[in-house]
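Student: I should like to work through this structure with you, one question at a time. Please reason each answer through before naming the result.

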Amino acid sequence: MSKASKLRALLAGDDFLMMPCCFDGLSAALIERAGYPLTFMSGFSVSAARLGMPDTGLISYGEMVDQGRSICQATALPVIGDGDTGYGNALNVKRTVQGYAQAGFAGIMIEDQLSPKRCGHTKGKQTVGFDEACMRIQAAVDARNEGADILIMARTDARQTEGLDEAIRRMKAFEKIGADILFLEAPQSVEEMTLFCQEVKGAKMANMVEQGKTPVLPPEQLAEMGYKIAAYPLTLILSAIQAMETALEELKSGYHPKSLASFEHLQEVIGFPAYYQNEERYKT
């Protein structure tokens with residue numbers, strides 16, 4: 001079963017899907033070890049971890065697909081990749097979808113922001129018009145239907161730029177075009193989240209950004225509303241930053257950091273035991 005087929009099966013099942021987001025091979029492997037059914041390559045976190053730069057359209061298609069290839073090789077989980085705006089016009093969108101499928105992604109997110117895009121919970125967002133937004137999703141769906149083994153997540157950021165009614169209008173249009181997963185970014189209240197779920201058919205994703213614009217709700221409440229997936233795009237990188245800054249301050253103060261994983265555990269996580277077994281097999 002391909003990873004895209006695994007993702008389709010998850011969407012067709014009864015379970016609500018919790019989806020911590022990764023930014024490299026190690027974080028993806030940890031998500032799998034923890035027992036989650038799928039993950040998402042967060043563009044915000046990849047830009048932060050790979051470039052040390054903000055998620056404001058500075059990272060390129062080539063850098064994202066390269067990072068994604070490493071992530072997809074590091075885990076057996078279905079991975080959804082952040083495809084941003086598709087990196088150009090409708091033909092660029094198709095190439096992006098095809099490239100992500102070839103890299104091993106199970107799904108790709110395409111959004112309606114004006115390039116250069118930015119994190120959906122920061123200021124300065126702009127969105128393209130309704131027709132262009134629909135054309136992007138049509139191009140992505142066409143790439144899928146023409147043979148790319150990948151699912152399409154359609155995202156709108158129009159809540160902030162055009163209002164909730166326009167955002168819901170776009171979600172309905174994207175669902176009609178054939179998107180597999182629908183993502184209305186940054187609703188600002190429980191009431192808005194509920195209305196989205198009531199008004200729009202299809203599998204819907206909630207984006208749980210700590211200290212963002214959207215209320216961070218328990219999985220049970222999100223499932224009751226009608227969401228299928230809860231994404232946690234910053235949880236792992238926020239925890240990593242805090243842990244590393246604490247360790248650096250402890251070292252600076254003359255103390256060896258105490259809250260560390262063991263060296264043995266690190267070797268296990270990244271695959272030394274399996275490597276040693278294979279090494280023995282091929283010993284001459």
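Student: In which strand is the place of Ile 229?

Tutor: The model is a predicted one. Within it, residues 229-232 make up a single strand, and Ile 229 belongs to that run. The element asked for is therefore strand 8.

Student: Is Ile 229 buried or exposed?

Tutor: A residue counts as buried when its relative accessible area is under 20%. For Ile 229 the relative accessible area is 0%, so this residue is buried.

Student: What distance separates the C-alpha atoms of Ile 229 and Phe 16?

Tutor: Phe 16 is among the residues in contact with Ile 229, as are Leu 11, Leu 17 and Met 19, when neighbours within four places in sequence are left aside. Along the chain, Ile 229 and Phe 16 are 213 residues apart. Their C-alpha atoms are separated by 6.1 Å.

Student: Which residues touch the most other members of the largest nonpolar core?

Tutor: In general, nonpolar side chains of soluble globular proteins tend to be buried together. The largest nonpolar core here has 59 residues, and helix 6 (residues 130-145) gives the most to this core, with seven residues. Leu 222, for example, touches Phe 16, Met 193, Ala 206, Met 208, Leu 217, Tyr 227 and Ala 230, not counting residues up to four places away in sequence. The residues that touch the most other members are Met 41, Val 97, Tyr 100, Ile 150 and Leu 222.

Student: How many residues are in the other core, the one that includes Leu 11 and Phe 40?

Tutor: This other core lies apart from the largest nonpolar core. Leu 38 and Ile 80 are also among its members. Its count is 19 residues.

Student: Why is Cys 22 in no disulfide with Cys 21?

Tutor: A disulfide requires two cysteine sulfur atoms within 2.5 Å. Cys 22 is buried, with a relative accessible area of 0%, and its closest cysteine sulfur is that of Cys 21. No bond is assigned because the two sulfurs are too far apart, at 7.2 Å.

Student: How many disulfides does the count come to?

Tutor: Cys 119 is in no disulfide, since the nearest cysteine sulfur, that of Cys 21, is 12 Å away and the limit is 2.5 Å. By this rule the count of disulfides is zero.

Student: Which helices each supply at least two residues of the nonpolar surface patch?

Tutor: The patch has about 800 Å² of accessible area together, and its residues include Leu 26, Leu 30, Phe 263 and Tyr 276. Leu 30 lies in helix 2 and is partly exposed, with a relative accessible area of 39%. The helices that each supply at least two residues are helix 2 (25-33), helix 12 (263-270) and helix 13 (272-281).

How values were computed. Residues are numbered from 1 along each chain as its sequence is written. This is a predicted model: local features need pLDDT of at least 70, side-chain atom pairs count only at pLDDT 80 or more; totals for chains, interfaces and linings use all residues. Side-chain values use heavy atoms; hydrogens and water are left out. Patches are made of residues with over 30% relative accessible area and no salt bridge: like charges are joined within 9 Å, nonpolar side chains (Val, Leu, Ile, Met, Phe, Trp, Tyr) within 5 Å. Accessible areas come from the Shrake-Rupley method with a 1.4 Å probe; for residues, only the protein chains shown count as cover. A salt bridge is a side-chain nitrogen of Lys or Arg within 4 Å of a carboxyl oxygen of Asp or Glu. Helices (H or I, at least four residues) and strands (E, at least two) are DSSP runs, numbered from the N terminus. Buried means under 20% relative accessible area, exposed over 50%, partly exposed in between (1.4 Å probe, protein chains only). A nonpolar core is a set of buried Ala, Val, Leu, Ile, Met, Phe, Trp, Tyr and Cys residues joined through side-chain atoms within 4.5 Å. Contact means heavy atoms within 4.5 Å.
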